[in-house]
Amino acid sequence: MIDIYQQIESIKPVNKQKGLEALAYIHSLTKPMNSLGEIEKMAVQLSEITSNIKPEVFPPGVIVFAADHGVTEEGVSAYPQEVTAQMVKNFLSGGAAINVFTKRVNGLLEIVDAGVKTDIPGVRSEKIAYGTKNFTVEPAMTRMEAVRSVEMGMQRADAMIKNGAKLLILGEMGIGNTTSSSAIAAALSGIKPEELTGRGTGIESKQVAYKAEVIQKALNKLKPDANDPIDVLAKVGGFEIGAMAGAMLYAASKKIPVVLDGFICTTAALVASKLNRHVCDYMIAGHLSVEPGHLHVLNLLGKKPLVSLGMRLGEGTGAVLVYPLVEAAAEMVKGMATFDAAGVSKERTIK
């Protein structure tokens, strides 16, 4: 068992002094100053996170949490609820995008059943319940279940880190979870649901408006407390969202960097940030999703995405695709020669 509040309390600010030392060292490498742009900034951030001028980010550990959502009863998704379980089986057989991309970067991969509506042989089962409740009718889960989802995410992060992961990527699978994410983001930020709500798995424009109405009615009915992220998670959240937030918090407590994926993952990061403000500094924004809520939530976190690829798949795919850039930042510091070591003349000061 992990005491989530004790673990959250243990998260400290990143090491800014180590970042300054890293920056000075980066400026001594054989290249014009700042010529590698965002890669240099990322290398400094990695040093701050790990308290190491030459950080290690390999191997990446990818955890995909799957869970079902009761709000799908309202017709907010283009796909039926049983697709969640079907995709988990696809993950287990190695046929999904996250399998292909994680293999490409030689990453560690775990699939976790956080609350799928059916039992699936062969998956790591940490099922909190058989899906959430329909939050247009009643809270999605109890407060105890919300806390349990965060704790479970911490436990799976702990196991992945103990298995050797030097960086975490969190993914998800759950039909209806963009609806839940939009509701969480609206509850925590005060931004109107219509500004945060997108097509999700591919619904039509008129369904997007309906989806936003469903969320607004739920918020009016349940009145989640914006000052209590666990209350928000319990009332309109998902088990996989709580688990991702827990994994991020645990990673930060162990000075492990986290690469964020799309809208749902970043909404989990927003929940985490409301539990401990320092956690944001341990996060790297991977990509910009086409889901309209993603940019809003990134802005709330003060994060700038590395790339924009027009993606909206989830699973952690965008973050895994960006991982080679993060690895390159770490390798730049470890592998490049300094001007002095290479016998290369430094930049002259122009009078």
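# Briefing: strands, backbone exceptions and charged pairs

Arg148 has a relative accessibility of 26% and therefore counts as partly exposed. This residue belongs to a predicted model, in which 18 salt bridges are found. A search of the whole structure for disulfides finds zero. The points below take up charged pairs, helix α6, strand β4, backbone geometry and cysteines in turn.

**Salt bridges in and around helix α6**

- Arg148 pairs with Glu151 in a salt bridge whose closest N and O atoms are 3.2 Å apart.
- Both residues lie in helix α6, and because three residues separate them along the chain, Arg148 and Glu151 are about one helical turn apart.
- An α-helix has 3.6 residues a turn, so residues three or four places apart point the same way.
- The two partners differ in accessibility class: Arg148 is partly exposed, whereas Glu151, at 7% relative accessibility, is buried.
- Arg148 and Glu151 also belong to a network of salt bridges that includes Glu110, Arg124, Glu126 and Arg156.

**Geometry of helix α6**

- Helix α6 covers residues 143-162, and its 20 residues should span 28 Å at 1.5 Å a residue.
- The C-alpha atoms at the two ends of α6 are 29 Å apart, which agrees with that expected span.
- Just after α6, Gly164 adopts a positive phi of about 115°.

**Other salt bridges**

- Side chains of opposite charge can pair when their charged atoms come close.
- Lys31 and Glu40 are joined through their side chains by a salt bridge with an N to O distance of 2.9 Å.
- Both members of this pair are buried: Lys31 has a relative accessibility of 8%, and Glu40 has one of 3%.
- Glu56 and Lys334 form a salt bridge in which the closest N and O atoms are 3.1 Å apart.
- This second pair connects distant parts of the chain, since Lys334 sits in helix α14 and Glu56 in the loop between α3 and β1, 278 residues apart.
- Neither end of this link is buried: Lys334 is partly exposed at 29% relative accessibility, and Glu56 is partly exposed with a relative accessible area of 37%.

**Strand β4 and its neighbours**

- Strand β4 comprises residues 167-173, and seven of its seven residues are buried.
- Leu167, Ile169, Gly171 and Met173 point to one side of β4, while Leu168, Leu170 and Glu172 point to the other.
- Residues on both sides of β4 are buried, Glu172 among them.
- Strand β1 (residues 60-67) runs parallel to β4 and is joined to it by seven bridges.
- In this pairing, Val64 stands opposite Gly171 of β4.
- Strand β5 (residues 258-260) also runs parallel to β4, with two bridges between them.
- Here Leu168 of β4 faces Val258 of β5 as its opposite residue.

**Backbone exceptions**

- Most residues other than glycine have a negative phi, and most peptide bonds are trans.
- The peptide bond from Phe58 to Pro59 is cis, its omega being near 5°.
- Pro59 is located in the loop between α3 (37-50) and β1.
- Asn34, which is not a glycine, has a positive phi near 65°.
- The position of Asn34 is in the loop between α2 (16-26) and α3, and at 48% relative accessibility this residue counts as partly exposed.
- Glu315, likewise not a glycine, shows a positive phi of about 70°.
- Glu315 is placed in the loop between α13 (292-301) and α14 (317-335), and its relative accessibility of 4% makes it buried.

**Cysteines**

- Why is Cys265 without a bonded partner? Its sulfur is 12 Å from the closest cysteine sulfur, that of Cys280, which is too far for a bond.
- A disulfide requires two cysteine sulfur atoms within 2.5 Å.
- Cys280 is likewise in no disulfide, the nearest cysteine sulfur being that of Cys265, 12 Å away.
- Both cysteines are buried: Cys265 has a relative accessibility of 1%, and Cys280 has a relative accessible area of 11%.

Notes: Residues numbered from 1 in each chain as written. Predicted model: local features only at pLDDT ≥ 70, side-chain atom pairs only at ≥ 80, totals over all residues. Heavy atoms only, no water. Buried < 20%, exposed > 50% of the residue type's maximum accessible area, 1.4 Å probe, protein only. Helix = DSSP H or I, 4+ residues; strand = E, 2+ residues; numbered from the N terminus. Pairing = 2+ DSSP bridges. Expected span 1.5 Å × (residues − 1). Salt bridge = Lys/Arg side-chain N within 4 Å of Asp/Glu carboxyl O.
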